[in-house]
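Reader: I am new to this structure and would like to learn how to read its features.

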Amino acid sequence: MHGRQFDVIVVGGGTAGAFAATTAAREGLDVALLERKSADEAGHIACGDAIKGASTFPDAIDREYLRAESFTNDTVQRALFELPDGDRIEYSFGDRSGSIIDRKRYGEVLLEEADRAGVTIHYDTVVQDVVQRDGVVEGVVAVRNDTQRRYEAPITIDAAGALSILQDKADFSGATFETNVDYTHFCSAYREVLRVDDPVGYDDALVFKPTEQLGYLWYFPRTETEINVGLGFQMTEEPMQLVETLRQDLEARPEFAGATVEDKLGAALPTRRPYDSAVAPGYLAAGDAAAHVNPTTGGGIPGAAKAGHWAGEIAADAVVEEATDEGALWEYNHRIQTDFGKRFAAMDLYNVFGTAHSIDELTDVIASLPARQLIDVLGREGTASMGLLDKLELAVSTVGHWGTLYDAYRVNAMADELKSIYDQFPTTPSGFGHWRRERDEFMNRFYDRVGAEPKY
C-alpha cells in the first residue's frame, strides 16, 4: 500500500473542509485535502444557496474574490411565507440583507484558495477506512486511481458531510465524541436550478412554503430569471416523493411555465443541534459531519465556514504543541457551543415543537397571527406592544388554537434558557458530564411541556 505523512489530513472539499485546510496551511502546516469528486465536479453540492452576507466568512480566504466570483444576488431583503390558503406573510430583514450564490462556483473558489495556500488536494480520492491505534485517530485509508493509499497525520479533520463514513469506521467508545446520532436527525432534500424567460416578481426575497411532512418548499432567486427551487422532509415523517411534489407545485406557479432545468441534485442534511462534542484523540469533525449547519435558516454555509476555520486553527496549535488528546482539542467544542452552537440548539427546539403538532395546526396559527407577533413567537426580536383592538383581533382569530399558540410562546422563553445553558459549556472535558446532565434535564422538561417525543 502506498503511504504518505502529513501534518493534517482533511477529508471533504466542501465549505468546512476547504476552510479547515486553508487555515491550517496558512499556519505553515503540510496539509492534504482528500475529495472524492473529480476536479471538474468538485463544488457541485445540493444546497439552497442562500447565505447572510460575505462578511460572515472568516478571513482565511480572499472574501472579495469569493463575492465577485460567486455571489449572483446580494439584494435579498425579505422572506415570504406562503400559506396553504394562498395568503402570504412577509418578513423584512431590515438592515441585514441576504444573498444567493452560484454554489458550484463558490465551491471552486474555496478550493482555489486552498490550493493557493499550499494545500495538497487529491481529487478522485475515496476514503474507505480510518487508521486508529489505542483510540487515537492517525489517518485514513483511501483509494485513488485504483490504488489503495494510506494517509497519516497527527490530526484528521472530518469534513466528509452528513453520515460521514469516518464516523462509521472509527471507534469512539473511549472518547467524548457524539455518537447519539440516528436517521431521525436528518432531512432528505432535493433541489433544481431553473431558468425562466421572464423575471420573477420576488428576486429580492426568499420564498418558503410548508409541506405536509414537516418540511418546506423553497424558491431562492439566484438572479431574476434563475431560481433555485427545492424541498425536503424530516426523516421522522412519512417519506414523500420529492421530485413529484416539487413538480406539482411548479406546475401551479405560472412564472415557471416553460422553465428549463439547468441542474438538479439531492442530499441528506442534518436538522439537529450541533454535536455535543466534535473531538476525539487526533480527530475533529466540522460542518455537516458535526451538524454545524442549519439548512432551514440560511445559516448553513457560514456555520460550516466558521467551524472549518476554527478546526484548522485548533489543529495547527495541536500539531505544533505535539498534543492531540481531547483536552488539547477541547477549545474547538467551546468555541462552537458558545457561539453559533447555542443558537442552532435553540432553533432545534422549534423543530422538536413542530413534531408535536400537525401541519394544519401550525399553519392555522401562523395564518391567524399578525406578522409582528409571528416574529416575536419565533424569537427574532423583543416583544412588541399590542393595542387593545389588536389583542381582541388576535384573540378572535386564534380561537381553537390557543393551546398551540401558548406552547409556541413557551418554546420562545425556553429557547433563551437553553442558550444560557450553552453559555456555560465547560472549558475542559472534566466538566462535560455535569454540563450534559444539566442540558438533558432541561430537554426532559421541554419534552413534557410541549408534548413531544424525545429526539435525543
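Author: We will take a sheet and then a cavity. This is a predicted model, in which local features need pLDDT of at least 70 and side-chain atom pairs count only at pLDDT 80 or more, while totals for chains, interfaces and linings use all residues. Residues are numbered from 1 along each chain as its sequence is written, and side-chain values use heavy atoms, with hydrogens and water left out.

Reader: In what order do the 6 strands of the open sheet lie?

Author: Strands are DSSP runs (E, at least two residues) numbered from the N terminus, and two of them pair if DSSP finds at least two bridges between them. Here the order is 9-3-2-13-20-19, with mixed pairing, and the edge strands, each pairing on one side only, are strand 9 (120-122) and strand 19 (279-280). Strand 3 (residues 31-34) runs parallel to strand 9 over 3 bridges, and Leu33 has Ile121 in strand 9 as its bridge partner.

Reader: How is empty space found, and which strand gives the most to the lining of the largest cavity?

Author: Rolling a probe the size of a water molecule over the atoms shows where empty space is left. A cavity is a set of points, on a 1 Å grid over the protein atoms alone, where a 1.4 Å probe fits but cannot get out, and lining residues have an atom within 4 Å of a point. The largest cavity holds about 40 Å³ of space, a volume being the space filled by probe spheres set on the points. Strand 18 gives the most to its lining, with 4 residues, and the lining residues include Trp218 and Arg191.

Note on methods
1 Å grid on protein atoms, 1.4 Å probe; cavity = no way out; pocket = protein on both sides within 12 Å on 5 of 7 lines; lining within 4 Å.
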